[in-house]
Amino acid sequence: MQHFETIQTVLAPELRQMNDIIRRQLATPNHLMNTIIESYLKVKGKQIRPVLVLLSAKFFGGLNEDTLYAGAALEMLHNASLIHDDVVDETALRRGVSTVNASWGNHLAVLVGDFFVSNALAAGIHTGHLAVISALSDLGKELSLGEVDQICNAREHILDEESYIEMIRKKTASLFLNCVRMGAQTVGVTDEESDRLVKFAELLGIVFQIRDDIFDYFHDSRIGKPSGNDLREGKVSLPLLHALAHAADKEEAERMRALLRRGDLSAREIEILVDFAKANGGIEYSFAYMRRLQGEASLLLDSYPPSEWRDAFTSLFEFIIERDR
């Protein structure tokens, strides 16, 4: 399996079943809620997270209804976090389509996000696996703490790599590793058997977020310049963190730190910070960091017997690094 699209094609029947579960779970007698949800569900992302749940179950030799419900639960929880994030960030478009908050207002968007969370827990309960329900509960806490950590790092101008990695471990990697863990649990695999694949998924999640953050340093086709959304919000990611710590010109690095401490950056100042990160090896370092984690992940994966599903996980890791959005 060389491409993510191949993985999606192989898993297409199971993904259709899982999406049917999501639609059934979210159906209500309320016309307005149904209208908003139906509109939201029309535009799907790549569904990488439920794909991880299904791949994990296949990796360990099986897939059942509980796996599908676990995948549905994680996808609904993920979507709830996106809906709430869009409210906080005042995002108008997601995947080129108007967000719930932009179309219906913040009040309804928060309620819709809460509705997704509740139905995620209901889908988890349907599996009958206490470990799945517990994981969903813990995951909700980790995702929230990751977001708060990011806000604290921005407000307190914490500019070190270790804090950044710990933040994305909670914010993103926790979701990835729980996808794999829950997929394994639904087919009766012990934590000891799945531990190395779970660790693989954690590294995959860290790499996913680093790659996502790198996009902020390159031209956005809609605006013709680096989007700088993270920097605009005071969020400093790996390329700039590396440049600040390792720039040959320490005085220039201090001027960049002063800009970040001051905040309220203009478009020109964001471009200056982006150019500084690029000129001082931030992008190259970030890609090297991802490749190093990929090497660690490959060793974990190689400890399992060869199979088409092991190959699928390998292909997925490469896709995450090489993707263009």
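Which residues lie nearest the centre of the second largest pocket? They are Y40, V97, S98, T99 and V100, out of 13 lining residues. This is a predicted model, in which local features need pLDDT of at least 70, side-chain atom pairs count only at pLDDT 80 or more, and totals for chains, interfaces and linings use all residues. Residues are numbered from 1 along each chain as its sequence is written, and side-chain values use heavy atoms, with hydrogens and water left out.

## Pocket

Rolling a probe the size of a water molecule over the atoms shows where empty space is left. Here the search runs on a 1 Å grid over the protein atoms alone. A pocket is an open set of points with protein on both sides within 12 Å along at least five of seven lines. A cavity is a set of points where a 1.4 Å probe fits but cannot get out. Lining residues have an atom within 4 Å of a point. Grid points are joined across faces, edges and corners, and a volume is the space filled by probe spheres set on the points.

The second largest pocket holds about 200 Å³ of space. Two or more of its lining residues come from each of α3 (31–41), β2 (97–98) and α6 (100–104). These elements are DSSP runs numbered from the N terminus: helices are H or I with at least four residues, strands are E with at least two. The lining has 6 nonpolar, 4 polar and 3 charged residues. In this scheme Ala, Val, Leu, Ile, Met, Phe, Trp, Tyr, Cys and Pro count as nonpolar, Asp, Glu, Lys and Arg as charged, and the others, Gly among them, as polar.

## Cavities

The structure holds 3 cavities of 30 Å³ or more. The largest has a volume of about 150 Å³. Its lining has 16 residues, and N153, Y164, M167, K235 and V236 lie nearest the centre. Helices α8 (130–155) and α9 (161–186) each give two or more residues to that lining. By class, the lining of the largest cavity divides into 7 nonpolar, 5 polar and 4 charged.

V236 sits in the loop between α11 (229–232) and α12 (238–246). Is V236 buried or exposed? V236 is buried, at 15% relative accessible area. Buried means under 20%, exposed over 50%, and partly exposed in between (1.4 Å probe, protein chains only). Beyond its neighbours within four places in sequence, V236 is in contact (heavy atoms within 4.5 Å) with L159, Y164, L231, L241 and L260. The C-alpha atoms of V236 and R49 are separated by 25 Å, with the two positions 187 residues apart along the chain.

The second largest cavity has a volume of about 110 Å³. Its lining includes N19, R23, Y40, E75 and R95. Helices α2 (12–26), α3 and α5 (65–89) each supply at least two lining residues. The largest share, 3 residues, comes from α2. The classes are 4 nonpolar, 4 polar and 4 charged. Y40 thus appears in two linings: that of this cavity and that of the second largest pocket.

## Salt bridges

Side chains of opposite charge can pair when their charged atoms come close. A salt bridge here is a side-chain nitrogen of Lys or Arg within 4 Å of a carboxyl oxygen of Asp or Glu. The whole structure has 15 of them. Three pairs are listed below.

| Pair | N to O distance | Relative accessible area |
|---|---|---|
| E14 and K58 | 3.1 Å | E14 12%, K58 21% |
| R23 and D20 | 3.6 Å | R23 40%, D20 38% |
| D149 and K170 | 2.9 Å | D149 22%, K170 19% |

The salt bridge between E14 and K58 links distant parts of the chain, from helix α2 to helix α4 (residues 48–59), 44 residues apart. E14 counts as buried, whereas K58 is partly exposed.

R23 and D20 are separated by about one helical turn, because they are 3 residues apart in helix α2. R23 is partly exposed, and so is D20.

D149 and K170 pair in a salt bridge that joins helix α8 to helix α9 across 21 residues of chain. D149 is partly exposed, while K170 counts as buried.

E166, R169, K199 and E202 are linked in a network of salt bridges.

## Cysteines

A disulfide is a covalent bond between the sulfur atoms of two cysteines. The cut-off is a pair of cysteine sulfur atoms within 2.5 Å. How many disulfides does the whole structure hold? The search finds 0. C152 is partly exposed, at 30% relative accessible area. C179 is buried, at 0%.
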